[in-house]
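Please look through the structure shown here before reading the exchange below it. A reader new to it puts questions, and an author replies.

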Amino acid sequence: MPAKKKQVSRGRGKASAPKARRVSASPVRRRTVDPGWAWDDRLPLAQGKQIGNTIYCSGQVAYDPSGKLVGEGDMKAQTRQVFDNIRSVLESAGSRLKDIVKITTYITDGSKFMDMLAVRSEIFGDDPPASTAVVVAALAFPGLLIEVEAIAIARA
């Protein structure tokens with residue numbers, strides 16, 4: 001039979017629980033990450049958000065910094081542009097592609113999945129992030145074959 005724990009009495013002979021220390025929570029740092037593209041100013045979105053040490057990168061598509069589609073019909077070219085855009089968003093937050101921990105990829109043509117993977121392998125090498133890929137009927141704008149969103153850890 002286990003021994004009973006001895007209650008410590010404080011004050012008027014009554015046992016009391018230890019008092020909880022009040023810790024004031026400092027506000028979590030929140031900021032919008034903007035790579036400076038003018039083409040997205042008309043859209044109600046942020047290209048990225050940093051909350052604490054986590055950076056959430058909005059779905060990136062194959063538009064160059066001026067808003068022109070890159071690689072129409074070419075999954076490899078679009079994938080490269082998408083990751084160039086992710087790199088720009090992350091660099092605006094002081095981070096890098098190596099800091100990505102999770103990506104979600106949307107493609108419109110499952111037969112081009114291996115083309116996308118080939119470019120992703122060029123980018124991440126033997127240390128890829130956790131990932132999900134989904135084949136969808138279409139993306140937001142005509143001509144887009146791929147969209148990728150990313151979550152990264154901010155560099156200290």
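The questions move from the overall fold to the core, a pocket and single residues.

Reader: What kind of model is this, and how are its residues numbered?
Author: This is a predicted model, in which local features need pLDDT of at least 70, side-chain atom pairs count only at pLDDT 80 or more, and totals for chains, interfaces and linings use all residues. Side-chain values use heavy atoms, with hydrogens and water left out, and residues are numbered from 1 along each chain as its sequence is written.

Reader: Which pattern do the helices and strands follow along the sequence?
Author: Helices (H or I, at least four residues) and strands (E, at least two) are DSSP runs, numbered from the N terminus. The protein has two helices and eight strands. Read along the sequence, their pattern is β-β-β-β-β-α-β-α-β-β.

Reader: What percentage of contacts between residues at least 6 apart in sequence join residues at least 24 apart?
Author: Contact means heavy atoms within 4.5 Å. Among the contacts in the protein between residues at least 6 apart, the share that joins residues at least 24 apart is 68%.

Reader: Which element supplies the largest share of the largest nonpolar core?
Author: A nonpolar core is a set of buried Ala, Val, Leu, Ile, Met, Phe, Trp, Tyr and Cys residues joined through side-chain atoms within 4.5 Å. The largest one has 29 residues, and F83, I86, L90, I100, I103, I146 and V148 touch the most other members. At least two residues of this core come from each of β5, α1, β6, α2 (113-124) and β8 (146-153). The largest share, six residues, is supplied by α1.

Reader: How much space lies in the largest pocket, and which strand gives the largest share of its lining?
Author: On a 1 Å grid over the protein atoms alone, where a 1.4 Å probe is used, a pocket is an open set of points with protein on both sides within 12 Å along at least five of seven lines, and lining residues have an atom within 4 Å of a point. Of the 13 lining residues, L43, L45, G59, F141 and E147 lie nearest the centre of the largest pocket. The space in this pocket is about 190 Å³, the volume being that filled by probe spheres set on grid points joined across faces, edges and corners. Three lining residues, the largest share, come from strand β5 (residues 54-60).

Reader: Is Q47 buried or exposed, and which side chains form polar contacts with Q47?
Author: Q47 lies in the loop between β3 and β4. Buried means under 20% relative accessible area, exposed over 50%, and partly exposed in between (1.4 Å probe, protein chains only), so Q47 is buried at 5%. A polar contact is a pair of N or O atoms within 3.5 Å; within protein, one must be able to donate a hydrogen and the other to accept it, and residues adjacent in sequence count only if both atoms are side-chain atoms. The side chain of Q47 makes such contacts of 2.8 Å with D40 and of 2.6 Å with Q60.

Reader: Is A38 buried or exposed?
Author: A38 is found in the loop between β3 (30-33) and β4 (48-51). Its relative accessible area is 56%, and therefore A38 is exposed.

Reader: Which side chain forms a polar contact with that of D99?
Author: D99 is found in the loop between α1 (75-92) and β6 (100-107). D99 has 14% relative accessibility and therefore counts as buried. At a distance of 3.0 Å, its side chain has a polar contact with the side chain of S95.
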